[in-house]
Amino acid sequence: MVTLEINGTSKQFDVPNEMPILWALRDIAQLTGTKFGCGMALCGACTIHLDNEPVRACVTPVSAAVGKKITTVEHIEHDAVGSAVQKAWLDLGVAQCGYCQAGQVMAATALLKTTPNPSDEDIDEAMSGNICRCGTYPRIRAAIKQAASGVKSAESKQGAKS
Ligand code: FES
Ligand code: FES
């Protein structure tokens, strides 16, 4: 039995320690927003956050998540940065087929948490492991920049109120 904290709720899972988190999320917790692409940490479709760090759920065992907070795309709107990223994605119509986009949103959110004002190079480096077969890369880059300004303006409004 393994206890996992997923999106703010702790639950016990009767799974082997070495089971990839992706299967616990999709097959047991029924959180199917996180996608399976390559299964080998090569495409980024399965990106989730473990304590705010982006990780590939297809190759990360559940044992690595014990005592940490798992966040999936289903919960990212509750994060100020994640919500700005989702808004920018919608505003700019980033998704095409959509398959890679949950992973893209999670990777972009993790980037903006550590680098609030990323350069093109920062974006390329952080997002290079997230593959999009539809080639939405220019819109992804634009959306990350829009989200960065969205977070900044939300923070300055907050500062003005306090
Ligand atoms: S499915 Fe995990 S990186 Fe491709
Ligand atoms: S939107 Fe189709 S794979 Fe990225």
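Visitor: Is Q101 buried or exposed?
Guide: In this predicted model, Q101 counts as buried, because its relative accessibility is 7% and the cut-off for buried is under 20%.

Visitor: Where does Q101 sit, and what does it touch?
Guide: Q101 lies in helix α3, and once its neighbours within four places in sequence are left aside, Q101 is in contact with W89, V94, A95, Q96, C132 and T136.

Visitor: What about T109, which helix is that in?
Guide: T109 also belongs to helix α3, which covers residues 101-114. T109 counts as buried because its relative accessibility is 0%, and, not counting residues up to four places away in sequence, the residues that T109 touches are H49, I76, D79, V81, G82 and V85.

Visitor: Let me step back a bit. How many helices and strands are there?
Guide: The protein has five helices and five strands, and if you read along the sequence, you meet them in the pattern β-β-α-β-β-β-α-α-α-α.

Visitor: And how compact is the protein?
Guide: Its radius of gyration is 16 Å, close to the 15 Å that the globule rule gives for 162 residues, so the protein is as compact as a globular protein of that length. Taken along the principal axes, the box filled by the C-alpha atoms is roughly 45 × 40 × 25 Å.

Visitor: What share of the residues is buried?
Guide: Buried residues account for 40% of the 162 residues. As for the outside, the protein exposes about 8500 Å², and carbon and sulfur atoms supply 52% of that area.

Visitor: Which residues have the most contacts inside the largest nonpolar core?
Guide: They are V85, W89, L112, M127 and I144, in a core that has 23 residues. The elements giving two or more residues to this core are α2 (80-91), α3, α4 (120-127) and α5 (137-161), and the largest share, seven residues, comes from α3.

Visitor: What else is in contact with I144?
Guide: Leaving aside neighbours within four places in sequence, I144 is in contact with W89, A108, L111, L112, P118, I123 and M127.

Visitor: M127 keeps coming up. Where is M127 found, and what does it touch?
Guide: M127 is found in helix α4, and it is buried, with a relative accessible area of 7%. Not counting residues up to four places away in sequence, M127 touches Q104, A107, A108, I140 and I144.

Visitor: Which residues does the second core include?
Guide: The second core is separate and has 19 residues, among them V2, V15, I48 and C58.

Visitor: We skipped helix α1. Which of its residues are buried?
Guide: Helix α1 runs over residues 21-28, and its buried residues are I21, L22, A24 and L25. What covers these buried residues includes the strands β1 (2-6), β2 (9-13), β3 (47-50) and β5 (69-71). Just after α1, Q30 takes a positive phi of about 60°.

Visitor: Do you have something on contacts across the whole chain, say what percentage join residues at least 24 apart?
Guide: Among the contacts between residues at least 6 apart in sequence, 57% join residues that are at least 24 apart.

Visitor: Last topic, the charges: how many are positive and how many negative?
Guide: There are 15 positive and 16 negative charges in the protein, and the mean positions of these two groups are 6 Å apart.

Terms used: Residues numbered from 1 in each chain as written. Chains lettered and ligands numbered in written order. Predicted model: local features only at pLDDT ≥ 70, side-chain atom pairs only at ≥ 80, totals over all residues. Heavy atoms only, no water. Helix = DSSP H or I, 4+ residues; strand = E, 2+ residues; numbered from the N terminus. Buried < 20%, exposed > 50% of the residue type's maximum accessible area, 1.4 Å probe, protein only. Contact = heavy atoms within 4.5 Å. Rg over C-alpha atoms; globule rule 2.2 N^0.38 Å. Areas by Shrake-Rupley, 256 points an atom, 1.4 Å probe, with all protein chains shown as cover. Lys, Arg positive; Asp, Glu negative; His and termini not counted. Charge placed at Lys NZ, Arg CZ, Asp CG, Glu CD. Core = buried A, V, L, I, M, F, W, Y, C linked by side-chain atoms within 4.5 Å.
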